[in-house]
Amino acid sequence: MVAAEEEAAVGTPVRFATSRLYDNGHVTNDFVYEFVYRPRPVRLLNESKVCSGLLRPAVQDGKVEFQFYGINMPSTGDHARCWAGQLFISELQLGRLSFVEYIVPSEFMPHPQRQWWWHVWQPDLEDPTKRGPCVEVCMHINTRDGIAFELFGGKDEAARDHVYRVLHQYCDEEDVHWRPIPEPSNGSQTQKVHRTRAIPEEICQERLMGMPMKELQGKDALSRSLQEIRHAEDRVLGCLEDIEDSKFAGEAKELMLKLGELHEPLIALTSKMRMRIKPEWKQCLTSAQEVLLDKLIGKPGTGSMSQALEIVNQLSNLGVPPPSNLGEAKKLKN
């Protein structure tokens with residue numbers, strides 16, 4: 001952000017300012033502030049103020065003086081830059097600064113931009129047209145400091161102190177709790193969330209081991225998905241056959257074991273592959289749970305009722321209807 005030196009006092013448009021190009025050092029008077037602000041000081045200039053640490057834009061009633069959409073929103077930086085630049089221009093017009101130049105960033109700067117620089121000169125009382133070494137003002141944005149100003153260089157410490165005190169009229173010190181309330185977001189500020197499916201565990205392992213990855217596209221990807229679904233269904237069907245065999249021929253402990261083995265393939269099918277449990281599978285499992293609880297109710301001591309109820313609860317979470325004798329089994333457990 002930059003002030004247009006002496007010309008600022010004689011009608012330079014508010015969105016224009018003196019800027020120095022980062023790459024070649026040329027100075028121009030250009031359009032650099034797309035948003036118009038009229039910064040107002042929150043305190044008087046204190047010539048005896050001890051100057052140290054960072055400065056942050058003053059927060060009053062939970063708000064800063066410019067549009068703040070959150071630290072991670074690029075538009076926040078644009079508004080903060082325009083506010084700070086026009087702050088320097090107003091102080092230039094009041095005579096507290098003699099020259100201000102906004103450093104226009106190189107096209108190779110990272111995007112979104114997180115740092116902005118100004119060169120600022122303290123008035124020389126002996127020769128107002130003279131320029132000594134400038135004070136560099138850096139405004140940066142990060143999650144640790146929020147939006148903060150930091151000062152470097154200058155002819156001496158007195159020059160830095162003067163610019164610090166000028167900024168302090170509009171800012172709070174770093175030990176003040178700084179958490180402005182963001183403006184309500186709209187469509188242009190909303191960050192997009194891209195939802196993707198989880199990467200299969202075996203592919204994660206192959207990546208960790210540095211194995212070459214084969215890119216599956218079109219038919220190959222579809223074929224692989226269908227094979228995985230068939231494999232998971234085959235595992236479920238195999239477990240259901242074992243459960244049917246154990247329902248009447250086996251003991252309660254064996255039936256519990258078979259029902260427990262079914263949990264993992266069902267999870268793979270429903271959670272990882274987004275498939276639903278078929279109605280005939282639900283009917284078979286509800287019947288098996290009822291038989292299991294009957295075995296434990298009729299013959300106390302033949303198995304663990306707590307373990308059986310845990311299996312019933314797991315299957316219920318997957319959408320399998322509970323058995324009709326569940327209430328009686330819970331009473332027996334208690």
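These are my notebook entries on a few places I looked up in this structure.

**Entry 1: the model.** I am working from a predicted model. I kept that in mind throughout.

**Entry 2: the cores.** I began with the largest nonpolar core, which has 39 residues. Which of its members touch the most others? I noted Trp83, Phe88, Trp118, Val137, Ile147 and Phe149. Then I looked up the elements that give two or more residues to this core. They are H1, E4 (99-104), E5 (115-121), E6 (135-142), E7 (146-153) and H2 (157-168). Helix H1 gives the most, with eight residues. Another core lies apart from this one. That other core has 32 residues, including Val236, Leu262, Trp281 and Leu292.

**Entry 3: strand E5 and its partners.** Next I followed E5, one of the strands that give two or more residues to the largest core. Five of the seven residues in E5 are buried, so I wrote the strand down as mostly covered. How do E4 and E5 run? They are antiparallel, and four bridges join them. On this side I found Phe99 opposite Trp121 of E5. E5 also pairs with E6, again in the antiparallel sense, over six bridges. There, His119 has Glu136 in E6 as its bridge partner.

**Entry 4: His162.** I moved on to helix H2, where His162 is found. Is His162 buried or exposed? Its relative accessibility is 13%, so it counts as buried. I then listed what His162 touches, leaving out residues up to four places away in sequence. The list is Arg96, Leu97, Gln122 and Pro123. For Arg96 I also have a polar contact: its backbone oxygen lies 2.7 Å from a polar atom of the His162 side chain.

**Entry 5: cysteines.** I checked for disulfides. A disulfide is a covalent bond between the sulfur atoms of two cysteines. The cut-off I used is a sulfur pair within 2.5 Å. How many disulfides does this rule give? The count is zero. I looked up two cysteines for burial as well. Cys82 has a relative accessible area of 0%, so it is buried. Cys239 is at 13% and is therefore buried too.

**Entry 6: Asp61.** Last, I looked at a loop residue. Asp61 sits between strand E3 (55-57) and helix H1 (74-94). Its phi is near 55°, a positive value in a residue other than glycine. Why does Asp61 count as exposed? Its relative accessibility is 79%, and exposed means over 50%.

Terms used: Residues numbered from 1 in each chain as written. Predicted model: local features only at pLDDT ≥ 70, side-chain atom pairs only at ≥ 80, totals over all residues. Heavy atoms only, no water. Buried < 20%, exposed > 50% of the residue type's maximum accessible area, 1.4 Å probe, protein only. Core = buried A, V, L, I, M, F, W, Y, C linked by side-chain atoms within 4.5 Å. Pairing = 2+ DSSP bridges. Polar contact = N/O pair within 3.5 Å; in protein donor to acceptor, adjacent residues only side chain to side chain. Contact = heavy atoms within 4.5 Å.
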